[in-house]
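Morning, everyone. Please have the structure open in front of you. I'll keep this short.

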Amino acid sequence: MIAEEIKKIHAMLPDGVELCAVSKFHPASAIKEAYDAGQRIFGESRVQELVEKIKVLPADIKWHFIGHLQTNKVRQLIGQVSLIESVDSVRLLDLIDKESEKSGVITNVLMQLHVAREETKFGFYPEELLEYFSCREFEKLKATHICGVMGMASNTDDMTRVRADFNTIADTRMRILDIAPDLRGFDIVSMGMSGDWKIAVEEGSNLVRIGTAIFGDRQY
Ligand SMILES: *Cc1c(COP(=O)(O)O)cnc(C)c1O
């Protein structure tokens, strides 16, 4: 089942759009099944769970951290993940940078945008993020590469609203590039989940994060 879903989604994704298989709350055995079907990028939202899974799964998996990251957990994550998608404050970003420098690694991150109506309290408002880049605060970073933006659409059946949210996320990335045209590798637009990824891709996503459609319902 998992292998079939992985292959089905891979076949549907346009060139240049990557799949992050969101495996949070699912066992390592399920991840292995997806891995054997060719999947290499997996998304997790809790540090402890991720660290346990890293120990028992193949080393060439690219782990993305996609959940709210508490500052006291940052150190455990540094050097373990290929992308932290959910940087939601400057304080967190600066801490990731400090810990990365200390460990002698470069950490890749995405800035999380808050555009959805009420669903999550995490993330930068578009104007806040534009302000961050227009002040050129990113130039202070020593061991962190900001690779783009991540966001979620409102949790609603109103697909017009969902599309508008995705449009805002992708547009914010373009506006940031207008402000700071010298930014390099600011390429990733991570948006789209099981129920809305096709709309997200139409609106410019190049990284979709799909859990339920691959692994089934989560047992919290
Ligand atoms: C859980 C989660 C997903 C996956 O959601 P599904 O609806 O199961 O596909 C995607 N992105 C984030 C940030 C998540 O926390």
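Let's start with a question: how do H1 and H2 lie relative to each other? One thing before the answer: this is a predicted model. Now, the way to describe a packed pair. Two packed helices are described by the angle between their axes and the distance between the axes.

Take the angle here. H1 covers residues 2-12, and H2 covers residues 28-36. They pack at about 45 degrees. Angles under 35 degrees would count as roughly parallel, and 65 to 115 as roughly perpendicular. So H1 and H2 are oblique to each other. Their axes are 8 Å apart. The crossing of H1 and H2 is right-handed.

Who touches whom? From H1, we have Ile2, Ala3 and Ile6. They meet Ala30, Glu33 and Ala34 of H2. By class, that contact has five nonpolar residues, one charged and no polar.

Next pair. Find H6, residues 126-134, and H7, residues 159-179. At what angle do H6 and H7 pack? About 20 degrees, with the axes 9 Å apart. That angle makes H6 roughly parallel to H7. The crossing of H6 and H7 is right-handed.

Now the residues in this contact. H6 brings Pro126, Glu127, Leu129, Leu130, Phe133 and Ser134. H7 brings Thr168, Thr172, Arg175, Ile176 and Ile179. In the contact of H6 with H7, six residues are nonpolar, three are polar and two are charged.

Last stop: the ligand. Which residues surround the ligand? Go along the chain. Start with Val22, Lys24 and Ile66. Then come Met150 and Met152. Met193 and Ser194 follow. After those, look at Arg209, Ile210, Gly211 and Thr212. Arg218 completes the set around the ligand.

Three of these residues deserve a zoom. Each time, look for an oxygen atom of the ligand. For Ser194, a polar side-chain atom lies 2.5 Å from a ligand oxygen. For Thr212, an N or O atom of the side chain is 2.5 Å from an oxygen of the ligand. For Arg218, the distance from a side-chain N or O atom to a ligand oxygen is 2.8 Å.

That's my tour. Over to you.

How values were computed
Residues are numbered from 1 along each chain as its sequence is written. This is a predicted model: local features need pLDDT of at least 70, side-chain atom pairs count only at pLDDT 80 or more; totals for chains, interfaces and linings use all residues. Side-chain values use heavy atoms; hydrogens and water are left out. Axes are lines fitted to C-alpha atoms, for helices over the stretch in contact, and angles run from 0 to 180 degrees between N-to-C directions. Helices (H or I, at least four residues) and strands (E, at least two) are DSSP runs, numbered from the N terminus. Angles under 35 degrees count as roughly parallel, over 145 as roughly antiparallel, 65 to 115 as roughly perpendicular and the rest as oblique. A crossing is left-handed if the near helix is turned anticlockwise from the far one by less than a right angle, and right-handed if clockwise. Contact means heavy atoms within 4.5 Å. Ala, Val, Leu, Ile, Met, Phe, Trp, Tyr, Cys and Pro count as nonpolar, Asp, Glu, Lys and Arg as charged, and the others, Gly among them, as polar. A residue is near a molecule or strand if one of its heavy atoms lies within 4 Å of it. A polar contact is a pair of N or O atoms within 3.5 Å; within protein, one must be able to donate a hydrogen and the other to accept it, and residues adjacent in sequence count only if both atoms are side-chain atoms.
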